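Colleague: I am new to this structure and would like to learn how its ring contacts and its helix faces are read. Could we take the features one at a time, with the general idea before each case?

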Amino acid sequence: MKKLLFTFLITTGTILFSCQKSEAQSKDYKDARLSVEERVEALLPKLSLEEKVSQMRIFHANIGIEADDKGSLKLSDRVVKKLKLGIAGIKNPAEHMDALAAAKFNNELQKYIIEHNRWGIPALFVTESYNGVDAEGCTKFGRPIASAASFNPELVNRIWDVVGKEARLRAMHMCHSPEADLVRDPCFGRMSEAFGEDTYLTTKMVTNAIKGGQGDYEGLSKGTHIGAVAKHFAGYGQVLGGVNFAAIEISDRTLIDEIYPPFEAAVKDAKSLGIMASHGDLNGIASHGNPQLLTGTLRDDWGFKGYVVSDANDIGRLHYFMKVAETPEAAAQMGLEAGVDIDLYAEDAYALLPEMVKKNPEIEKLIDRSVKRVLRTKFILGLFDNPYIDIAEVEKGVRAESSLELAKESDLESIILLKN
């Protein structure tokens with residue numbers, strides 16, 4: 001009797017598990033009534049390995065996305081090949097066009113991408129912003145170091161609200177900004193991109209920049225704002241001698257008390273959709289290959305749910321520049337295990353993953369982990385449901401009179417008089 005009961009329980013449990021699994025697989029990822037997590041879980045199993053890896057890569061539009069003489073979309077053979085599998089994102093499409101032309105062009109590009117991959121997965125179009133959207137015809141503000149001189153976080157919130165809106169009206173979706181680094185060495189050539197040397201001030205400015213750019217998070221799904229990517233995690237502005245790519249030596253106390261807080265606030269308070277890893281090594285450990293930093297601190301301690309993107313080509317550099325990985329494949333695995341979800345630009349890093357999985361199938365679990373984070377971002381931004389921008393809104397929303405007045409106001413508030 002006991003044996004019969006045990007068999008019955010096992011059978012019932014198996015049936016229940018099978019039903020739950022079947023129910024999850026039967027859900028339609030295009031159904032907007034489902035939660036973001038349900039839609040991600042419904043879409044992921046459909047993707048081939050190669051399609052998954054494509055959702056972990058961003059390339060720059062300058063490799064072959066341009067307009068022909070009539071302003072219509074023109075793609076190089078290299079880009080056409082890439083887009084057959086879909087793509088995580090594209091950096092700076094239509095950056096040299098005015099806002100109206102860019103919106104039309106990017107709508108056409110997005111339509112092509114959706115129609116030419118099997119599952120209709122849209123792409124993230126990515127920009128940057130140091131003094132307004134990094135593109136033609138947008139409102140130009142002072143650099144962040146100037147904004148910090150205003151000591152007015154609310155002003156920064158309003159500036160980045162304009163940035164978020166103007167970027168989205170160009171059909172952009174993510175911004176590799178703001179910088180949450182502290183900058184203290186005048187030799188460092190990128191000081192103007194950050195909000196200065198003080199932890200408290202930088203934290204206030206960064207959180208307000210992210211909240212403004214993301215429309216207090218609500219603007220993401222409404223299609224009015226873009227997702228922020230706080231950078232460079234961590235300690236990038238502290239490079240020795242102010243030399244780009246130089247080593248970063250920071251005591252644990254300084255790291256925790258001064259360097260981390262702006263990033264922690266970006267994650268916990270401002271809900272930044274993305275984080276970019278740092279070019280350099282932190283206390284002897286390359287940031288792009290540092291699981292304690294990118295997974296332990298960022299995710300386990302702070303609860304970050306978004307995606308981590310590499311800085312340009314930095315996963316490959318673990319091998320050919322930093323020499324901490326013996327082969328390009330080892331560099332790709334190091335970045336993946338550390339927690340880098342998207343490879344920016346490179347052809348010598350995550351492009352190698354499909355062949356690597358053939359030799360080590362366990363890697364695919366880490367690939368799935370990263371792809372979920374990328375797809376989650378696209379669903380949060382509403383791109384599966386509303387992938388295109390309303391052209392009628394563009395002209396009245398970019399370089400509006402109120403935005404130009406705000407730029408003047410921010411310049412006046414940022415002026416500092418020094419007495420010799």
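Modeller: Let us begin with exposure: a residue counts as buried under 20% relative accessible area, as exposed over 50%, and as partly exposed in between. The model here is a predicted one, and in it Phe321 has a relative accessible area of 45%, which means that Phe321 is partly exposed. Phe245, with 24%, is partly exposed as well.

Colleague: How many aromatic pairs does the structure hold, and why is the pair of Phe245 and Phe321 edge-to-face?

Modeller: There are eight aromatic pairs in the structure. Planes over 60 degrees apart count as edge-to-face; the planes of Phe245 and Phe321 stand at 70°, with the ring centres 5.4 Å apart, so this pair is edge-to-face. Because Phe245 lies in the loop between strand S7 and helix H10, and Phe321 in the loop between helix H12 and helix H13, the pair ties together parts that are 76 residues apart in sequence.

Colleague: Which kind of pair do Phe379 and Phe384 form, and are they buried or exposed?

Modeller: Their planes are at 15° and their centres 4.1 Å apart, so Phe379 and Phe384 are stacked; both residues are buried.

Colleague: Where do the buried residues of helix H2 lie around the axis?

Modeller: As a general idea, an α-helix has 3.6 residues a turn, so residues three or four places apart point the same way. In helix H2, residues 36–43, the buried residues are Arg39, Val40, Ala42 and Leu43. They cover an arc of only 165° around the axis, and are therefore on the same side of H2.

Key:
Residues numbered from 1 in each chain as written. Predicted model: local features only at pLDDT ≥ 70, side-chain atom pairs only at ≥ 80, totals over all residues. Heavy atoms only, no water. Phe/Tyr/Trp six-rings, centres within 6.5 Å; stacked < 30°, edge-to-face > 60°. Helix = DSSP H or I, 4+ residues; strand = E, 2+ residues; numbered from the N terminus. Buried < 20%, exposed > 50% of the residue type's maximum accessible area, 1.4 Å probe, protein only. Arc of directions from axis to C-beta.
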